[in-house]
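Student: Got a minute to go through this one with me? I'd like to start with the sheet.
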Amino acid sequence: MWIFFMSYARIPVPLRLDALQDPHRLVLRFFDELCDSVARQARVPREEAGFVERPGIPGEESIKALFESQVFVPLYSKRSFSSPRCGREWTAATHKVTQGSRPSIVPVLWTPYSPTSLPARVKEQYPEVPEGIGEAAANYASMGMHQLLQLAERSDPECEHAAAQASAQVAQVTDWLAKRIVDQAATVPGQSRGPSSGGGRTTAPTTLAGLDDAFADPPRASPLHITVLAPTEEQLPVGRDNTLHGPCVDGWRPYGQAVGPLVGQMEVLARNLGFEPTVLPFHKHQAELSSTEIPTAPWILVVDPWALEDRRMARQAREFDRARRPWTAVLSTLAEDDLQTMEQSDRLRGLLLTHFPRFHSEGRAGEQEAVRGLAGADVFARWFGELVDATRMRCLRSIHSRLSRSGTDTRGVPETGVNLPRRPGPGSDSGVPSDGRLVEGSS
């Protein structure tokens, strides 16, 4: 059992990544420092102070720690509020009352975040500003812990004084947070430090899959069109394994049975990002892409490269690429755990580049990576979110441009989504800048 459990948004990490490039590095450094302070103040062994999910830790162990910890410590960031896992961890932590304990939460401001932009269920839990530590408190409130840690790590000799000052402020804020955690833990009844099946309490689940995402209820949602270009069982090329396909496109499971159908996954991701998705048949795209009317929504095309061996679907792909409207994007799958796909990866990647030359050559670095094929479900989810956001912004710019040229009042086109804000709001810690490079430490 542990005093606290730290919740943060995981970022897909490439294989053979240098330690200094690990996007979770600052999260884990902060966790280590917080553990040291909590252990010292609570007078417990360090291994009992806190738990955080590290790469390679089995999911069951993390979930067990979540339910057995006394205090829940979520890192507030844009990425966290767009993460279904973080939302389910929040639900698990706040429903511990069913197991005999009162939820204890000490949120951490990881990146600057407006209180008015919080999901409805967490509005009463905005991170407190520390008292009695002066400038450290002010900088924590304005910059967040992530930026303070970055400043503390600067190695430029000219910045040594500023780095030392930031390091001292990190220690001050960390000690203040540790005291809050220890104080909260002291209010938790001793018998609740470990759920069991006795005493009228339910056993902690071993998965978060059945829990609601506490962050997935934005008051208003922007429309999003999704089209899938993938073969059904009957349309597969000769010799292609059919275990990952179904009788219809909705049954396509490129990343395996455990992940499940990709269409359902995209619908969940889209709603968590503040959109209302509509999955449309491919032929429906032709009318809107060739129309001179104002676009009604950003449009994402998701491609199984095996589909491009079918003449009809290959023709549809080329048509989509030739049209290449600003509010469209292409993602494709190239699952690394699909042996047949990996054996044919060079050929399949060649098909993708042949059929989507404009999306590949005219896109930014991240968009090009998405066209070339995404290896895993986590990487797909990351780029799906990035491209949905990028296409939405391009869609809005296109709408405003057309309206300004025509002199039309924007109030006349509310159905386009112009006035529908994307949750979770201002601030950007998405971890990927416009050119597609991963930003260290963001979560």
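Student: What is the strand order in the open sheet, and how do the strands pair?
Tutor: This is a predicted model. In it, four strands form an open sheet in the order E6-E5-E7-E8, and the pairing is parallel.

Student: Which strands stand at the edges?
Tutor: E6 (275–279) and E8 (328–332). Each has a single partner strand, so one side of each has no neighbour in the sheet.

Student: How are neighbouring strands turned against each other?
Tutor: By 25° on average, with direction ignored.

Student: Back to E6. How many bridges does it make with E5?
Tutor: Five, in the parallel sense, with E5 covering residues 222–229. One of the bridge partnerships joins Ile 226 to Val 279 in E6.

Student: And which strands does helix H8 lie across?
Tutor: H8, residues 262–272, lies across E5, E6 and E7, the last being strand 299–303. The helix runs at about 155° to E6.

Student: Different topic: helices. At what angle do H1 and H6 pack?
Tutor: About 95°, with the axes 10 Å apart. H1 spans residues 25–42 and H6 spans residues 145–152. The two helices are therefore roughly perpendicular to each other.

Student: Which residues meet there?
Tutor: From H1, Leu 26, Arg 29 and Phe 30. On the H6 side they meet Met 145, His 146, Leu 149, Gln 150 and Ala 152.

Student: What's the split by class in that contact?
Tutor: Between H1 and H6 there are five nonpolar residues, two polar and one charged.

Technical notes: Residues numbered from 1 in each chain as written. Predicted model: local features only at pLDDT ≥ 70, side-chain atom pairs only at ≥ 80, totals over all residues. Heavy atoms only, no water. Axes fitted to C-alpha atoms, helices over the stretch in contact; angles between N-to-C directions. Parallel < 35°, antiparallel > 145°, perpendicular 65-115°, else oblique. Contact = heavy atoms within 4.5 Å. Nonpolar A, V, L, I, M, F, W, Y, C, P; charged D, E, K, R; others polar. Pairing = 2+ DSSP bridges.
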